[in-house]
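Let's take a walk through this chain, from how far to trust it to what holds some of its parts together. Keep the structure open as you read.

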Amino acid sequence: MSTSVDSETAQIEIPDTLPLLPIRDIVVFPYMVLPLFVGREMSIKAIESALASNKMVLLVAQKSLDIENPETKDMYSVGTVGMVMRMLKLPDGRIKILVQGISKAKITEYTETAPFYTVKIEKMIEEKIEKLSLEVEALMRTVKEQLEKIINFGRVVVPDIMVILENIEDPGRLADMIASNIGPKVEVAQEILEMADPIARLKKVKEVLAKELDVLTMQQKIQAEAKGEMDKTQREYYLREQVKAIQKELGEIDDRSEEINELKKRIQDAKIPEKVNKEAEKQLKRLERMHPDSAEGATIRTYLETMVELPWSKKSKDKLNLKTASKILNEDHFDLEKVKERILEFLAVRKLNEKMKGPILCFAGPPGVGKTSLGKSIARALGREFVRISLGGIRDEAEIRGHRRTYVGALPGKIIQGIKQAGTLNPVFMMDEIDKIGTDFRGDPSSALLEVLDPEQNNSFMDHYLAVPFDLSNVMFITTANLIHTIPGPLRDRMEVIEISGYTIEEKGGIAAHYLIPRQLEANGITKKQAHLTEPALKKIISEYTREAGVRNLEREIATVFRKIARKIAEGKPKLYQITPANLDRYLGIPKILPEEEMKKDEVGVTTGLAWTEAGGDIIFIESTLMKGKGILLLTGQLGDVMKESAQAALSFIRSKSKELGINPDLFSRNDIHIHVPAGAIPKDGPSAGITIACSIASALTGIPVKKEVAMTGEVTLRGRVLPIGGLKEKILAAKAAGIKTIILPKRNEKDLEEIPKHIKKDIKLIFVESMEEVLPIALKQPLSSKHESTQKKCKPKEKTIRPRHTTSSFNA
């Protein structure tokens, strides 16, 4: 935008050489005053040079505003000499200047190009018109009228521009003033600027104004038509209502009536329960009374469509052939006998009692043992639809119960959406990762699941979106979890927990042979004639390249081997590739896992313990040593609070029995005891290391080595009683893998042996004990000695008396 400037600018003397300031997206005319923001380094230097001399610069428009550093060919040859009236430095490094156009000028030569452009100019002298002809006066009046019309259309220009124009008698100046205010495109404005003849320039401005006037007229016409269309829509609505009344009298039906009737029919066909049907009909009547384009009408329509798409009465027929179901389960999964037996029991009861409610099972176990895929197999065995949702990370209760319809974009919860996806009332519904549900200010999803997973309540589950009860009692819910203790107690109480422990090396080998290897051969496009993974190589992959309870990483390693073979075949080297332990490292590199091995010799103060981890069982070594000191107990190896307390209890027991064990009591006060559990970087905790620590301390104090082939697990009390532990199967597997021959276990765990397969118990001796007095003679290399004969009798049990107290199980099946 511009304002008029004083005519004294014509008297200013303009030098022949000036700094050049390229400007983008605008053409500056004489007598025009405007602010400019200067950010380019070259332009800033040009302004600084002008301010240091006569404050004048040549303002030239760029041909393209996208060019950051314009060359001489990128700028027009005609511009306007401007005077810098003010300058302000901005915080971001740019400067803001106020310039005033003085006179047109033409570039004759570029004298300098760095650090900024300097040009020689030739001032363009405009001829003066002493007396205006009638034609020129008419032209000037026409241009002013055109501009006034444009302003009346709402075009924003400088205030009081018409008053300023009335006082201008020069046609050239009038053309420049109007051109600078209507803001034409750069190319058009430059064309006007370069015209030396004032009359021709004014005619060009008249053409530009006429075009702008046509555009504004068309724009106003379009707006008027749009407003008329809105009025037309309102008029059509009333007409449609009248037509509707007429058609009702004539017995005719319109499209909206067809939609309503279709929804009515679908509600009837869905066989919706009576209570739900009343709500559906109520919403349908509301929809009939609403305008078809209203937002609430769309919400009700979506609600009714959701209602009719739900399987209120549609059930899939169960396959009750137990032999077929057993065959399917065995085809899909290796072992897992306990789970398969539970499914077959359900089928048997379902066969005898058709009205039984769906069970709610929870498969708990480490990752990769087949919990999720087991759900698919169960659905296939039962002949039901399978639906799976993941609960991991859910924090909003509405994810389970749905959103109320008062919210924009409301949807049913995951339960109702899953039932809708299944299309039947009795699918197998799997909810993965139930132990990883979160809680925050939006509610507690685990509390919402209490109703879903309760057979006494889920026959009338209330979703906030539906706002009517839905029967979930026929659904077979299966949940999965890695850890049981993270599931809230009330929720855990509603589920039948089935523990799925880790696989043995033999079981992993069977799974790989039956399922993983065939699947990866097919996935990688090769056949058994092209690749053969030998059994020893497979065992080496299991033991030295994976460390897990399941088989996910095992499958990845097998896939890696077959991918490398596939590449060789694709490169034109077809043959039968035999993968053996000797050449396995060519495919998988050096072994990733170095399992803990049995100790090479009996050592003083070093005992072998058994631990449970999420990846299965493992063996740990507990080391104890004596040092000169003041009786301090040092514990290292990143032990948790429970293990620290176990160590304190074990030491207290040994001290209380020092006479019976033949230990000099002064040793405790004159020495520090340091207990360390490698590896130090791995956190360790749990209530099953008590007897292991006690044996280690006893060995260190007596100097008697611990038998290297004996491992043990169990908690100890201050009175020396051995308490039961968990994870028995995983711990026995770890001991067997490490070459341990004898395991000392709590007596109260003897009942758990029934659930452990015979092949796991093969070639390993299990000794069950009730107290530490039984543990020490078994674990230590030599009988404990004492200075007192009576102490020896107490510490060294006779063969006849100790045997009845041991329950030793040796399985050689």
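Before we start, one cut-off: a residue is called buried when its relative accessible area is under 20%, exposed when that area is over 50%, and partly exposed in between. Lys 747 has a relative accessible area of 26%, so this residue counts as partly exposed. Its salt-bridge partner is Glu 750, with the closest N and O atoms 3.3 Å apart. Glu 750 also comes out at 26% relative accessibility, which again means partly exposed.

Now for the confidence, since you're looking at a predicted model. The mean pLDDT of the chain is 83, with 92% of the residues reaching 70 or more. Residues 1–10 are a weak spot, with pLDDT below 50, though in the model this stretch still has 30 contacts beyond near neighbours in sequence. Residues 786–813 also fall below 50, and that stretch has 45 such contacts.

With that in mind, where does helix α15 sit? Six of the eight residues of this helix, which covers residues 445–452, are buried, so α15 is largely enclosed by the rest of the structure. The buried ones are Pro 445, Ser 446, Ala 448, Leu 449, Glu 451 and Val 452. As for what covers them, helices are part of the answer, including α13 (398–401), α14 (414–422) and α16 (489–493). Strands join in too, among them β9 (428–432), β10 (461–462) and β12 (476–481).

Stay in this neighbourhood of the sequence for a salt bridge. Arg 494 pairs with Asp 454, and their closest N and O atoms are 3.5 Å apart. Asp 454 belongs to the loop between α15 and β10, while Arg 494 is in the loop between α16 and β13 (496–499), so the pair links distant parts of the chain, 40 residues apart. The two ends aren't equally accessible: Asp 454 is buried at 12% relative accessible area, whereas Arg 494 is partly exposed at 25%.

How many salt bridges does the structure hold? The count is 31. Another one worth finding joins the side chains of Arg 286 and Glu 296, at 2.2 Å from N to O. Arg 286 is in helix α8 (residues 274–289) and Glu 296 in helix α9 (residues 295–309), so this pair ties together parts that are 10 residues apart in sequence. Both partners are partly exposed, Arg 286 at 26% and Glu 296 at 42%.

Next, the open space. The largest pocket has a volume of about 1,000 Å³. Its lining takes in 32 residues, and those nearest the centre are Glu 499, Ser 501, Lys 729, Glu 730 and Glu 755. Helices α11 (337–352) and α24 (728–737) each supply at least two of the lining residues. Sorted by class, the lining has 13 nonpolar, eight polar and 11 charged residues.

What about closed space? There are two cavities of 30 Å³ or more, and the largest holds about 80 Å³. Lining that cavity are Lys 315, Phe 346, Arg 350, Glu 354, Met 356, Lys 357, Gly 358, Arg 384, Asn 426 and Asn 474. By class, that set splits into five charged, three polar and two nonpolar residues.

Note on methods:
Residues numbered from 1 in each chain as written. Heavy atoms only, no water. Buried < 20%, exposed > 50% of the residue type's maximum accessible area, 1.4 Å probe, protein only. Helix = DSSP H or I, 4+ residues; strand = E, 2+ residues; numbered from the N terminus. Contact = heavy atoms within 4.5 Å. 1 Å grid on protein atoms, 1.4 Å probe; cavity = no way out; pocket = protein on both sides within 12 Å on 5 of 7 lines; lining within 4 Å. Points joined across faces, edges and corners; volume = space filled by probe spheres on them. Nonpolar A, V, L, I, M, F, W, Y, C, P; charged D, E, K, R; others polar. pLDDT = per-residue confidence, 0-100. Salt bridge = Lys/Arg side-chain N within 4 Å of Asp/Glu carboxyl O.
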